[in-house]
Amino acid sequence: MKIAVAGILVFEGKALLLHRTEPPVCWGPPGGELKDDESFTDGLKREVFEETGLECTVVMPVETWAGMHDDLPMQSITFICECNDSDVTLSEEHDAFCWVPFDELRSSIKKTAPFLLIFAC
């Protein structure tokens, strides 16, 4: 089973969203698959840095997901992360980013990620 991690990066009341260039082409948090013998936090910090150029502090897990990805079983864990900077340098995996105020996320969060309401209040 593949293991993946994602990080909801928080900076000054905003969350970072990245726009993917490969399918599924969508907006979402940075993240990816763990390497062999890599811890959740080390893998997430690596993925965040590779995709954004930002260093982060992993705060806590907030969601898990299990399903199929590329016809293989996968489990993913999403974490809340804090960062001390908002100067994003995108990797080739993404073509745009935005820091979205929590107030603007509230309506879509209720439909897609209700666990984030804790942080949007």
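This section describes the salt bridges and polar contacts around Arg46 and Glu38 in a predicted model.

Four salt bridges are counted in the model. Within this set, Glu38, Arg46, Glu47 and Glu50 are joined in a network of salt bridges. Arg46 is paired with Glu38 at an N to O distance of 2.8 Å, with Glu47 at 3.1 Å between the closest N and O atoms, and with Glu50 at 3.4 Å between the closest N and O atoms.

Glu38 is located in the loop that runs between strand E4 (31-33) and helix H1 (40-52). The side chain of Glu38 makes a polar contact of 2.8 Å with the side chain of Arg46. A polar atom of the Glu38 side chain also lies 2.8 Å from the backbone nitrogen of Lys35. When residues up to four places away in sequence are not counted, Glu38 touches Gly43 and Arg46.

The pairing of Arg46 with Glu50 falls within helix H1, where the two residues are four positions apart and therefore separated by about one helical turn.

The residues of the network were also examined for solvent accessibility. Arg46 has a relative accessible area of 16% and is therefore classed as buried, the cut-off for this class being under 20%. Glu47 is likewise buried, as is Arg46. Glu50, by contrast, has a relative accessible area of 39%, and so is assigned to the partly exposed class. The salt bridge between Arg46 and Glu47 thus has two buried partners, while the salt bridge between Arg46 and Glu50 involves a partly exposed glutamate.

Technical notes: Residues numbered from 1 in each chain as written. Predicted model: local features only at pLDDT ≥ 70, side-chain atom pairs only at ≥ 80, totals over all residues. Heavy atoms only, no water. Polar contact = N/O pair within 3.5 Å; in protein donor to acceptor, adjacent residues only side chain to side chain. Contact = heavy atoms within 4.5 Å. Salt bridge = Lys/Arg side-chain N within 4 Å of Asp/Glu carboxyl O. Buried < 20%, exposed > 50% of the residue type's maximum accessible area, 1.4 Å probe, protein only.
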